[in-house]
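Work through the exercises below with the sequence and the model in view, and try each task before reading its solution.

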Amino acid sequence: MTVATKLRYWLLKTEPEVFSIDDLKASQDFTTCWDGVRNYQARNFMRDQMHLDDRVLVYHSNSAPSAVVGTARICKTAYPDFTSWDCKNPHFDPKSKPENPTWFMVDIRFESKFSVPQSLFELKQIPKLEGMELLRKGSRLSVQPVTKRQFDIILNLGKPM
DNA sequence: GCCAACGTTGGC
DNA sequence: GCCAACGTTGGC
């Protein structure tokens, strides 16, 4: 029996001072583990809903300007975030144990960098993006689902190199 | 640096 | 279960 898996679309936030789209592009095999997510809703999206080859918008938060800067793909589905039980890691969480992990991560692979980064300010001007989670006031979720339509609008405007 | 909008913790 | 206090995120 074949299981039909629907391709999904996501937005992942990262602070470029910590890990940027250029860092992703420079990573071994263009790939990195998306560690350090410590929010249950974000974890649940990663653990329960991300499929192989799902598409990702990469967003630079806490930036000048904050913007969607490129795309990636999910290249490994959820597995335990081992940084959570490393007491020397800044994302250490004593309640997460190897035998019963609290936190999960996925791997993503660089796909494209935008020649025209799509700043938060610009995205807010686009009526068709109304309702997008990223644009909601006070939105802090670092792993967000986006619709295909939202993804395509931003991809087209971003003009991947 | 400020502060609004969260999510988490823990007393009760 | 309620909610105040606290810590964090992230725009500006």
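**Exercise 1.** Find the volume of the largest pocket and the residues that lie nearest its centre.

*Solution.* Begin with the volume, which is about 540 Å³ for the largest pocket, a volume being the space filled by probe spheres set on grid points that are joined across faces, edges and corners. A pocket here is an open set of points, on a 1 Å grid over the protein atoms alone, where a 1.4 Å probe fits, with protein on both sides within 12 Å along at least five of seven lines, and its lining residues have an atom within 4 Å of a point. Next, turn to the lining, which comprises 19 residues, with K13, T14, E15, D35 and G36 nearest the centre.

The model is predicted: local features need pLDDT of at least 70 and side-chain atom pairs pLDDT 80 or more, while totals for chains, interfaces and linings use all residues. Residues are numbered from 1 along each chain as its sequence is written, chains are lettered from A and ligands numbered from 1 in the order in which they are written, and side-chain values use heavy atoms, without hydrogens and water.

**Exercise 2.** Identify the residues around DNA strand B and the phosphate contacts of R136 and K137.

*Solution.* First, list the residues with a heavy atom within 4 Å of the strand: N39, Y40, R136, K137, G138 and R140. Then look for polar contacts (pairs of N or O atoms within 3.5 Å): a polar side-chain atom of R136 lies 2.8 Å from a phosphate oxygen of DNA strand B, and for the side chain of K137 the distance from an N or O atom to a phosphate oxygen is 3.0 Å.

Terms used. A polar contact is a pair of N or O atoms within 3.5 Å; within protein, one must be able to donate a hydrogen and the other to accept it, and residues adjacent in sequence count only if both atoms are side-chain atoms.
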